[in-house]
Amino acid sequence: VAPVVIEIDDPADPRVGDFFRLNDPELRRLRERPPDGRDEAGGDEAGGGFLVAEGTLVIRQLLRSPYPVRCLLVTPRGLADLAEDLSDVDAPVYLVSQAAMTGVAGFHFHRGALASAARRPPPAFDDVAATADLVLVAEGVNDNENLGALFRNAAAFGAGAVVLDRTSADPLYRRSIRVSMGQVLRLPFARVPSAAEAMVGLRAAGFEVLALTPAADAEDLDDVAVRARQALVVGAEGPGLTPQALGAADRRVRIPMAPGVDSLNVATAAAVALSRLARLR
Ligand SMILES: C[S@@+](CC[C@H](N)C(=O)[O-])C[C@H]1O[C@@H](n2cnc3c(N)ncnc32)[C@H](O)[C@@H]1O
């Protein structure tokens, strides 16, 4: 199937409505995640709605993912960059000038290509716990860029899945997808009502559950040995892990830091710890 390329001049054309005012977070939330799209665990991924991927690298990941593409918006340069990738895409490709692209997006969008795709319900937590052997759990990670970086690191160091509590951000928001370099579209993630409850479930499924904390009395990461199934739990910028999550872990683990440094960024901490486990494994 060759892509259907349709030229569009008017930035208000409703056919490119998936990409209107990309820098207006309120409008985007309303458009991408209809109110009935919340799942029981507080995620916005289920029940309809769509996501937006930007740039050729991320769009290539999208085309290889299970998310069904709705349409693409490209400038001539974006179309040339993606030409081979689009040869069997069964969705309209809207071609616009750079000026019209800016008009649609609401700011000077220079990456040359956008794609939208339908959201899908995420896998159930039990399925994740049954299949992945190295899992990253995030509690209260409500910043889209940190969440995207967590997924990128989790994928890079071989985690099989990510588990997000209800207070963590939407991984399918455009900025998370971009910062993850499209890994949120590849790596399975489950939504759970509470990280502490998920940690109990992971332990019951045979995982050693390690809570990452900068607390001075936690064990040194270097003392962690490899186990067949392990889960790393990270907390929010600011407060860190809740007492419930810290209490639900098998071990509290610390990455040593130079004196006078309070803590690492959450994605950096996850990268250091996952890298160590990946090398041990
Ligand atoms: C910015 S830190 C939160 C700092 C918070 N004051 C605390 O005590 O946890 C965000 C998350 O990154 C992880 N983290 C940061 N620095 C760490 C370190 N040195 N060792 C282990 N985990 C760390 C923890 O999971 C933490 O919840």
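Two strands are taken to pair if DSSP finds at least two bridges between them. In this predicted model, that criterion gives an open sheet of seven strands in the order 8-7-6-11-9-12-10, with parallel pairing. Strand 8 (189-192) and strand 10 stand at the edges of the sheet; each has a single partner strand, so one side of each is left without a neighbour in the sheet.

On one side of the strand order, strand 6 (residues 134-138) pairs with strand 7 (residues 161-165) through four bridges in the parallel sense. Within this pair, Leu136 is placed opposite Val162 of strand 7.

Strand 12 takes part in two of the pairings described here. Strand 10 (residues 219-220) runs parallel to strand 12 and is joined to it by two bridges, and Glu219 has Val253 of strand 12 as its bridge partner. Strand 9 (residues 208-212) also runs parallel to strand 12, with three bridges between them. In that pairing, Leu210 is matched with Arg251 of strand 12. In the strand order, strand 12 accordingly appears between strand 9 and strand 10. In a regular strand, side chains alternate between the two faces of the sheet.

The ligand occupies the space of the largest pocket. Strand 12 (251-254) and helix 10 (266-280) are the elements that contribute two or more residues to the shell around the ligand. Strand 12 thus belongs both to the sheet and to the surroundings of the ligand. In total, 19 residues surround the ligand, and the closest are Leu212, Gly235, Gly238, Ile255 and Leu264. By class, the shell comprises twelve nonpolar, five polar and two charged residues.

Polar contacts to the ligand involve backbone atoms of several of these residues, including Leu212, Gly235 and Leu264. A polar backbone atom of Leu212 lies 2.7 Å from an oxygen atom of the ligand. For Gly235, the distance between a polar backbone atom and an oxygen atom of the ligand is 3.1 Å. At Leu264, a backbone N or O atom is 2.9 Å from a nitrogen atom of the ligand. The ligand taken alone exposes 560 Å², of which the protein buries 89%.

Notes
Residues numbered from 1 in each chain as written. Predicted model: local features only at pLDDT ≥ 70, side-chain atom pairs only at ≥ 80, totals over all residues. Heavy atoms only, no water. Near = heavy atom within 4 Å. Polar contact = N/O pair within 3.5 Å; in protein donor to acceptor, adjacent residues only side chain to side chain. Areas by Shrake-Rupley, 256 points an atom, 1.4 Å probe, with all protein chains shown as cover. 1 Å grid on protein atoms, 1.4 Å probe; cavity = no way out; pocket = protein on both sides within 12 Å on 5 of 7 lines; lining within 4 Å. Sits in = over half its atoms within 2 Å of the grid points. Nonpolar A, V, L, I, M, F, W, Y, C, P; charged D, E, K, R; others polar.
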